[in-house]
Amino acid sequence: MAVAEAVDNLEQRDRAIEEIAARLGVRAERGKRFAELTSLRVGGAIDWVISPETEAQAAAIVYELDQVGIGWRPLGSGSNVLADDAEHHYVVLSLSNMKGEVRIDGELVSVSAGYSLPRLCIDVARAGLSGIEGLGGIPGTIGGALWMNAGAYGHEIGTVTETVRVAREGQVVEIPGSSVEWNYRHTSFRDGELLLGTTLRLKPDDPELIKQRMDDAKSRRLATQPHGARSAGCFFKNPPASTTGTGKMIDDMGMKGQRRGSAIVSPVHANFIVTEGENARAEDALALAEEIRERVKREQGIDLEYEVELWRANSEPQMNTDDTDQRREEEGR
Ligand SMILES: Cc1cc2nc3c(=O)[nH]c(=O)nc-3n(C[C@H](O)[C@H](O)[C@H](O)COP(=O)(O)OP(=O)(O)OC[C@H]3O[C@@H](n4cnc5c(N)ncnc54)[C@H](O)[C@@H]3O)c2cc1C
């Protein structure tokens with residue numbers, strides 16, 4: 001990082017953040033905790049939370065932070081993140097205020113990364129557009145859904161993504177959805193890549209039928225998953241080589257209801273870890289998750305992979321390195 005020396009102590013870094021945020025007119029706050037920003041309601045203090053409201057502001061902010069060597073991580077609704085209890089000395093770029101407006105043009109729907117996925121599912125169903133109604137019960141933002149390739153009940157966001165807007169060198173750049181690898185809860189987006197928005201291509205259908213399918217998906221979810229509980233959805237991915245889902249595997253080991261301090265294996269769905277209490281700790285959720293992994297390994301010989309993202313305070317977020325030429329080549333531009 002060429003100018004990283006400019007912010008080699010915390011005081012200088014803080015002044016640089018204040019100056020950049022003031023110049024770009026973006027809110028920058030101190031004193032927040034992950035416990036306030038994630039659905040598991042656990043996790044330690046964050047040095048800075050910066051909340052851009054437009055795609056252009058977000059692109060400019062991360063460019064400036066990269067220029068001065070300040071590490072940052074994007075966060076949507078925090079419904080798929082388990083941050084540990086320590087102090088996180090980096091900037092969290094909170095995107096849930098970057099909502100913009102949904103623009104519908106025929107079968108194309110353009111939306112900013114901070115917009116709510118459940119809200120968008122309702123908007124497009126009303127407009128008679130089908131393709132994401134199975135995703136209506138997934139909490140979170142469009143940016144988080146794109147990053148994880150969120151999916152449920154036969155729909156995945158990647159299959160309907162026409163283009164993605166990303167931040168490159170301070171600008172909003174549109175890349176084709178076909179240049180992204182959309183895998184099971186994983187994509188080829190790199191750490192340090194900020195997603196600003198997307199255009200989806202959906203299919204016209206009867207709004208009543210779309211709503212019915214969305215309601216069906218929601219009722220199936222309500223019947224099988226805890227609701228109103230503090231969770232991050234499924235904690236582990238389903239193992240590719242197994243015909244048994246992870247939830248069933250954990251349930252068969254008799255672990256439903258198992259507790260570690262403030263964390264519990266949900267009695268409703270064994271692949272959900274839920275937290276309880278005012279002072280719930282990430283440490284408890286992690287210890288319980290590791291206990292599950294060890295038992296599944298010992299008894300089934302399977303290495304469970306986390307679906308939830310673990311954010312460790314002691315691992316620096318990667319910064320956006322200047323590999324624009326390589327990216328252009330990969331995207332065929
Ligand atoms: C009750 C419950 C049920 C769930 N059910 C499902 C389900 O059925 N299917 C499913 O797929 N998921 C499910 N989830 C998980 C979660 O809702 C999804 O992964 C969701 O898409 C995450 O969105 P978010 O905005 O909360 O992302 P966050 O949790 O805030 O972030 C997730 C990851 O995306 C990155 N990210 C977020 N925004 C951006 C951005 N703009 N640019 C770059 N990176 C970004 C973050 O850095 C992080 O790495 C469930 C969660 C809960 C709590």
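**Ligand shell and a helix pair**

Reader: What places a backbone N or O atom of Ala145 in polar contact with an oxygen atom of the ligand?

Author: The two atoms lie 3.3 Å apart, and a polar contact is a pair of N or O atoms within 3.5 Å, so the pair qualifies. This is a predicted model, in which local features need pLDDT of at least 70 and side-chain atom pairs count only at pLDDT 80 or more, while totals for chains, interfaces and linings use all residues. Residues are numbered from 1 along each chain as its sequence is written, and side-chain values use heavy atoms, with hydrogens and water left out.

Reader: How do you know that Gly78 and Leu195 also make such contacts with the ligand?

Author: A backbone N or O atom of Gly78 is 2.8 Å from a ligand oxygen atom, and a polar backbone atom of Leu195 is 2.9 Å from a nitrogen atom of the ligand. Of the 970 Å² that the ligand exposes when taken alone, the protein buries 93% (Shrake-Rupley method, 1.4 Å probe).

Reader: Which residues count as surrounding the ligand, and which element gives the largest share?

Author: With a heavy atom within 4 Å as the criterion, 33 residues surround the ligand, and the closest are Pro74, Ser79, Pro139, Thr141 and Glu309. Helix 5 contributes the largest share of this shell, five residues, and the shell divides into 17 nonpolar, 12 polar and four charged residues.

Reader: Why are helix 4 and helix 6 called roughly antiparallel?

Author: The axes of helix 4 (residues 117–126) and helix 6 (residues 207–224), lines fitted to C-alpha atoms over the stretch in contact, come within 8 Å and cross at roughly 150 degrees; angles over 145 count as roughly antiparallel on a scale from 0 to 180 degrees, and the pair is therefore named so. Cys121, Ile122, Ala125 and Arg126 of helix 4 make the contact (heavy atoms within 4.5 Å) with Pro207, Ile210 and Met214 of helix 6.

Conventions: Helices (H or I, at least four residues) and strands (E, at least two) are DSSP runs, numbered from the N terminus. Angles under 35 degrees count as roughly parallel, over 145 as roughly antiparallel, 65 to 115 as roughly perpendicular and the rest as oblique. A polar contact is a pair of N or O atoms within 3.5 Å; within protein, one must be able to donate a hydrogen and the other to accept it, and residues adjacent in sequence count only if both atoms are side-chain atoms. Ala, Val, Leu, Ile, Met, Phe, Trp, Tyr, Cys and Pro count as nonpolar, Asp, Glu, Lys and Arg as charged, and the others, Gly among them, as polar.
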